[in-house]
Amino acid sequence: MKQEMMTVLAQKELAPKIYEMTLTGKLVKEMTIPGQFLHVKAPRADLLLRRPISLASVDQKNASCKLIYRTEGVGTELFSQLVPDDQVDVMGPLGNGFPVEFLGKEDLVFIIGGGIGVPPLFELAKKVKEKGSKIVFFLGFAKKEVIFYEQEFAQMGEVHLSTDDGSYGVKGHVGTMLSKVLQKEKPTAVYSCGSNGLLKAVDHYFADLEHAYLSLEARMACGMGACYACVCPTRADRGKSKKICDEGPVFSTGEVIL
Amino acid sequence: MNRLAVKLPGLNLKNPIMPASGCFGFGKEYSKYYDLGLLGAIMAKAATSEPRFGNPTPRVAETPSGMLNAIGLQNPGLEVIMKETLPSLERYDVPIIANVAGSTQEDYVAVCAKIGDAPNVHAIELNISCPNVKHGGIAFGTNPDVAYELTQAVKKVAKVPVYVKLSPNVTDIVPIAEAIEAGGADGLTMINTLLGMRIDLKTRKPILANQTGGLSGPAVKPVAIRLIHQVAQVVNIPIIGMGGVYTVDDVLEMFMAGASAVAVGTANFTDPYICPKLIEQLPLRMDELGIESLEKLISEVKGARK
């Protein structure tokens, strides 16, 4: 966990308002766990708070990593204007990430994502693939135009897609697809990242599964557990909380109250 | 001679830079980034008699050159802080200023009576200015009589010097500062955050779950400078200044307004290394400005007031 001025290698618009930024720097060496995030400073002095952005993929051989983000406000707009050779102030990698060490060749893994929650699942899928497990993806998007990485995911497993407006794949949300598949197959592990509604559905369907994980998002200030801005209550004791930046962003199902 | 050294009641600071309360947890998180022994002191996160969960989320929102927070004094309570948190910092050569908050005078007195027993707690910062809690906090810091009475009650039981943290959310800060000095406070810390609010245009609702929060960051620095200057004219106890400090120039401006040490808050979130950077850069800037030592600067500023 360090801070560095990383260099932009590439910037690409994947879909309207969805960008993929490739960075290079020494920090990449530390990016070994899927599901971790970087805390990125917008290149303008008056924007004080860093933006937490998950790692979409890491390429150790070329010392580079990719971030996929949606332009939501002025900070992310500024990210999208960065061009190759620009420098960007990065802290990280932060957070705990998705555990994969227990997986083997016989295992079936469900990877479930929605919208801008999909990016960290790509690096995760690469790690799961290395374990030899079979992957089934359930990915939901608002509409056809904002779908990204469909082909990339398809190279690693079976992909089920849904759109809210029915413009592509199954109409509706990811939960609809899941309920049907679950009657036939039971996975060894489930990983998810997306809207609160999606996470709630996964939390509900896989409450008893030993390896079922949710990656949460929150407004945060420090990104490292010092400011207590991004807490969520624990299910075991509502008076206690976990910090999403530091003790998360990945939690087991049943661990926290969404 | 250490030209950065500053002597305050209970605190022999090797340098005047310390992270402000609430912006540094209890120190553990930043110890992964650098040696906490480099710091002048640490103002720990607020301690209350019982554990506190704090406010619902979202608890932070960005503003132009600032941020709003409504954490709500989340902490594990005095017992855990005494048993686990403070002892874990004993290995660092750094004095702790324990921030104490409460809902009632009895709460404040109970925590203040005990927290000085920790060997690394060298002073108490009495938090009577938190804008984010319904009971206590700012209610104690906006009325001179209440502030006087609380300071006096705490001074009777505290085993270490007591610094009282002032709120900027008052019409006139001077009578409050005077009342706290009359109540026996050893020093003042100022300023706490300014009460603010932001509204999300899409949802048409406040961004913070608590609706309002405390504004901090460079946006508040001129307010802090003005209030420190105002209070320094009327009190004889030292002031630890804070509010939007990001650079060594901000640090020295605080001294010139009347502060005797400086705390860094929001800047820790932007740059986790900000405190050691300021400590390193301070002597260079002092050279450029012809400042021999901070103690000398403090006495010059005091002398100019008379």
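**Charge, fold and packing in a two-chain model**

Chain B carries 28 positive and 29 negative side chains, and the centres of these two sets sit 5 Å apart. In chain A the count is 31 positive and 31 negative, with 1 Å between the two centres. Everything here comes from a predicted model, and that's worth keeping in mind throughout.

Chain A first. Its secondary structure comes to five helices and 15 strands. The radius of gyration is 18 Å, close to the 18 Å that the globule rule gives for 258 residues, so chain A is as compact as a globular protein of that length. Laid along its principal axes, the C-alpha trace of chain A spans about 50 × 45 × 35 Å. Of the 258 residues in chain A, 55% are buried. Taking the contacts in chain A with a separation of 6 or more, 63% are between residues 24 or more positions apart. As for the surface, chain A exposes about 10,800 Å², and 50% of that is supplied by carbon and sulfur atoms.

Chain B has nine helices and 16 strands. A compact globule of 306 residues would have a radius of gyration near 19 Å, and the 18 Å of chain B agrees with that. The C-alpha trace of chain B spans about 50 × 45 × 40 Å along its principal axes. Buried residues account for 59% of the 306 in chain B. Residues 24 or more positions apart make up 71% of the chain B contacts with a separation of 6 or more. Chain B exposes about 11,800 Å², with carbon and sulfur atoms supplying 54% of it.

On to the interior. In soluble globular proteins, nonpolar side chains tend to be buried together. Here the largest nonpolar core holds 137 residues, and the members that touch the most others are A:Phe110, A:Ile112, B:Leu188 and B:Ile240. That list draws on both chains. A second core, separate from this one, has 31 residues, among them A:Ile147, A:Met156, A:Tyr191 and A:Cys193. Back in the largest core, B:Leu188 has plenty of company: leaving aside residues up to four places away in sequence, its contacts include B:Tyr163, B:Val164, B:Leu166, B:Ala177 and B:Ile180. B:Leu188 also touches B:Val231, B:Val235, B:Ile237, B:Pro238, B:Ile239 and B:Ile240.

Two of those partners, B:Ala177 and B:Ile180, belong to helix α4 of chain B, which runs over residues 174-182. Both are buried there, along with B:Val174, B:Ile176 and B:Ala179. The buried residues of α4(B) pack against two other helices of chain B, α3 (144-157) and α5 (221-232), and against the strands β9 (162-165) and β10 (187-190). After α4(B) comes B:Gly184, with a positive phi near 105 degrees.

Finally, there's B:Glu295, which lies in helix α9 (residues 294-305) of chain B. With a relative accessible area of 34%, B:Glu295 is partly exposed, because that value falls between the 20% and 50% cut-offs. Setting aside residues up to four places away in sequence, B:Glu295 touches B:Ala5, B:Val6 and B:Lys7. B:Glu125 is 170 residues from B:Glu295 along the chain, and their C-alpha atoms are separated by 22 Å.

Key: Residues numbered from 1 in each chain as written. Chains lettered and ligands numbered in written order. Predicted model: local features only at pLDDT ≥ 70, side-chain atom pairs only at ≥ 80, totals over all residues. Heavy atoms only, no water. Helix = DSSP H or I, 4+ residues; strand = E, 2+ residues; numbered from the N terminus. Rg over C-alpha atoms; globule rule 2.2 N^0.38 Å. Buried < 20%, exposed > 50% of the residue type's maximum accessible area, 1.4 Å probe, protein only. Contact = heavy atoms within 4.5 Å. Areas by Shrake-Rupley, 256 points an atom, 1.4 Å probe, with all protein chains shown as cover. Lys, Arg positive; Asp, Glu negative; His and termini not counted. Charge placed at Lys NZ, Arg CZ, Asp CG, Glu CD. Core = buried A, V, L, I, M, F, W, Y, C linked by side-chain atoms within 4.5 Å.
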